[in-house]
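Me: I'm new to this one. Can you walk me through it?
Reply: Sure, let's get it on screen.

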There are 2 protein chains.
Amino acid sequence: MNDDPAELAVEFNRRLREVVLLVRQATTGLPLTAQQLSVLGSLESGPRRMSDLAAEHGVRQPTMTVQVNRLEEAGLVSRGRDADDARVVTVALTDEGCRDLAHGRRARTAFLAERFAALTPDERAAIAAALPAIGRLRAP
Amino acid sequence: MNDDPAELAVEFNRRLREVVLLVRQATTGLPLTAQQLSVLGSLESGPRRMSDLAAEHGVRQPTMTVQVNRLEEAGLVSRGRDADDARVVTVALTDEGCRDLAHGRRARTAFLAERFAALTPDERAAIAAALPAIGRLRAP
DNA sequence: TATTGTTATACTCTATAACTATA
DNA sequence: TATAGTTATAGAGTATAACAATA
């Protein structure tokens with residue numbers, strides 16, 4: 001087997017695009033967008049600062065301000081102030097946000113689960129075996 | 001190893017989100033957006049109809065009209081009419097579009113190639129072995 | 001002066017609804 | 001009447017630049 005990182009990158013990029021398109025086609029019309037769900041997911045482990053959220057999601061601060069504004073208007077998150085540093089805004093999941101996060105995740109995952117169920121056990125095993133390596137792309 | 005499609009879907013979805021974020025962070029500021037590059041890529045094998053392009057990219061016709069308008073203004077694609085059916089608009093890559101496609105792809109792929117180069121040969125092999133199965137998610 | 005966050009403005013991507021032209 | 005495409009309008013997501021408040 002050829003072990004050229006550049007060729008692998010091209011192939012991987014192509015598959016990635018296919019899957020992203022597939023998921024998008026299957027999840028249009030859901031009440032929460034992928035980004036909103038993603039932000040809510042970051043808050044699952046506890047409140048976070050605006051700047052941390054922005055960094056984690058690879059967006060600028062004003063972008064996160066907009067997203068948090070909308071989530072706050074929808075009642076899914078709440079803003080708070082840091083006790084030690086009055087400049088810092090913290091964002092926390094509300095009970096309703098917690099519920100919607102669970103629902104949204106289920107809806108998105110259900111589609112993928114169906115597709116995985118249609119694969120052979122060998123195919124599923126191949127994908128499962130690759131996930132740790134894919135995760136290592138983040139911190140090489 | 002656990003072979004539950006639902007669990008695999010959750011894990012896969014998580015990795016997918018990570019990689020998408022990673023690529024986005026690495027490719028902001030490039031002259032061509034991911035969608036523009038994607039549309040140009042569809043035209044590489046020859047001219048296509050508007051409706052085919054829209055279907056392939058999982059978007060509505062008006063969305064594709066907008067994207068093609070911009071690409072046409074930028075000189076990267078050209079519109080044509082079908083000889084047999086006067087309603088049909090065909091879209092073709094221009095020479096400049098062909099060049100920009102190659103450059104854009106290289107820029108995007110170069111980032112991934114670096115990350116792949118930092119993995120071990122075993123990790124690359126695991127990912128390469130999973131790509132066919134991932135491709136099969138499209139047509140289960 | 002540096003950091004945290006917001007506001008203002010603009011561009012891309014997307015959708016639905018209404019329209020034109022052709023079959 | 002049905003199909004291919006466009007125009008009009010709206011909303012989400014993103015960015016940069018300019019600003020306020022706090023450290």
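Me: Start with chain B. At what angle do helix α2 and helix α3 of chain B pack?
Reply: Helix α2 (residues 34–42) and helix α3 (residues 50–57) of chain B pack at about 125 degrees, with their axes 11 Å apart. Axes are lines fitted to C-alpha atoms, for helices over the stretch in contact, and angles run from 0 to 180 degrees between N-to-C directions. Helices (H or I, at least four residues) and strands (E, at least two) are DSSP runs, numbered from the N terminus.

Me: What do we call that arrangement of α2(B) and α3(B)?
Reply: α2(B) and α3(B) are therefore oblique to each other. Angles under 35 degrees count as roughly parallel, over 145 as roughly antiparallel, 65 to 115 as roughly perpendicular and the rest as oblique.

Me: Left-handed or right-handed crossing for α2(B) and α3(B)?
Reply: Right-handed. A crossing is left-handed if the near helix is turned anticlockwise from the far one by less than a right angle, and right-handed if clockwise.

Me: Which residues make the contact of α2(B) and α3(B)?
Reply: α2(B) brings S38(B), V39(B) and S42(B), while α3(B) brings L53(B), E56(B) and H57(B). By class, that is two nonpolar, three polar and one charged. Contact means C-beta atoms, placed from the backbone, within 7 Å. Ala, Val, Leu, Ile, Met, Phe, Trp, Tyr, Cys and Pro count as nonpolar, Asp, Glu, Lys and Arg as charged, and the others, Gly among them, as polar.

Me: Before we go on, what kind of model is it, and how is it labelled?
Reply: It is a predicted model: local features need pLDDT of at least 70, side-chain atom pairs count only at pLDDT 80 or more, and totals for chains, interfaces and linings use all residues. Residues are numbered from 1 along each chain as its sequence is written, with chains lettered from A and ligands numbered from 1 in the order in which they are written.

Me: How does chain A lie on chain B?
Reply: A turn of 180 degrees and a shift of 0.0 Å along the axis lay chain A on chain B, with an RMSD of 0.1 Å. That is the relation of a two-fold axis. In chain A, A130(A) has the C-alpha nearest the axis, 3.1 Å from it. The superposition is by least squares on C-alpha atoms of residues with pLDDT of at least 70 in both copies.

Me: How many residues does each chain put into the contact?
Reply: Chain A gives 49 residues and chain B gives 49 residues. On the chain A side, α1(A) gives the most, with 18 residues. That side has 30 nonpolar, seven polar and 12 charged residues.

Me: And how do α6(A) and α6(B) cross?
Reply: Their axes come within 8 Å and cross at roughly 135 degrees. α6(A) and α6(B) are therefore oblique to each other. Their crossing is left-handed. The contact of α6(A) with α6(B) has 12 nonpolar, no polar and two charged residues.

Me: Now the DNA. Which residues come nearest strand D?
Reply: Of the 23 residues around DNA strand D, the nearest are T33(A), P62(A), A86(A), S51(B) and P62(B). Near means a C-beta atom, placed from the backbone, within 6 Å. α4(A) gives the most to that surface, with five residues.

Me: Same question for strand C: which come nearest?
Reply: S51(A), P62(A), T33(B), P62(B) and A86(B), of the 23 residues around DNA strand C. There, α4(B) gives the most, with five residues.

Technical notes
Two residues are in contact if their C-beta atoms, placed from the backbone, lie within 7 Å.
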